[in-house]
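User: Hey, got a minute to go through the charged pairs and cysteines in this one with me? I'll pull it up now.

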Amino acid sequence: MWVLVFYDLPVAGPNERRAARKFHEFLVRQGFDRVHYSIYNRFCGSMERANTYERRVEKAVPKRGYVCLLKLTDRQMANMRRWIKGGYDPHESAQFTPPEQYRLF
């Protein structure tokens with residue numbers, strides 16, 4: 001299972017900027033990787049583990065803003081297609097491959 005978090009948080013004032021930064025730092029501490037600006041993903045070994053991270057994210061959502069969480073199977077995630085043109089890849093190291101311990105071959 002993969003967990004994707006998409007968010008759009010207000011950053012008009014200092015308190016909102018602080019809340020947005022803390023949410024970003026929370027995701028990084030929880031092992032989420034940046035896919036794109038305000039889009040993060042994390043590999044989970046099972047639906048139960050994905051549900052655990054869903055509850056953690058729910059508790060960390062700031063008081064103002066928009067946060068979505070999507071759970072995808074490994075197969076669905078593998079079907080993601082990316083098009084990078086002109087040699088530009090800001091996330092070159094963010095390839096969606098299962099962690100080493102889950103590879104069979």
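User: So how many salt bridges does a search of the whole structure find?

Analyst: The search turns up 3 salt bridges, where a salt bridge is a side-chain nitrogen of Lys or Arg within 4 Å of a carboxyl oxygen of Asp or Glu. Keep in mind that this is a predicted model: local features need pLDDT of at least 70 and side-chain atom pairs count only at pLDDT 80 or more, while totals for chains, interfaces and linings use all residues. Residues are numbered from 1 along each chain as its sequence is written, and side-chain values use heavy atoms, with hydrogens and water left out.

User: OK, which residue does Arg64 form a salt bridge with?

Analyst: Arg64 pairs with Glu16, and their closest N and O atoms are 2.2 Å apart. Arg64 sits in the loop between α2 (47–60) and β4 (66–72) while Glu16 is in helix α1 (residues 14–29), so the pair ties together parts that are 48 residues apart in sequence. Helices (H or I, at least four residues) and strands (E, at least two) are DSSP runs, numbered from the N terminus.

User: And is Glu16 buried or exposed?

Analyst: Glu16 is buried, at a relative accessible area of 18%, whereas Arg64 is exposed at 52%. The cut-offs are under 20% relative accessible area for buried, over 50% for exposed, and partly exposed in between (1.4 Å probe, protein chains only).

User: What about Lys71, which residue is its salt-bridge partner?

Analyst: That's Glu54, with the closest N and O atoms 2.7 Å apart. This pair also links distant parts of the chain, with Lys71 in strand β4 and Glu54 in helix α2, 17 residues apart. Both ends are partly exposed: Lys71 has 26% relative accessibility and Glu54 has 32%.

User: Then where do Glu25 and Arg21 lie?

Analyst: Both are in helix α1, 4 residues apart, or about one turn of the helix. Their side chains meet in a salt bridge at 3.5 Å, N to O. Glu25 is partly exposed with a relative accessible area of 34%, and Arg21 is partly exposed too, at 45%.

User: Switching to cysteines: how many disulfides does the structure hold?

Analyst: It holds 0 disulfides, counting a disulfide as a pair of cysteine sulfur atoms within 2.5 Å.

User: Is Cys44 buried or exposed, then?

Analyst: Cys44 is buried, at 1% relative accessibility. Cys68 counts as partly exposed, at 26%.
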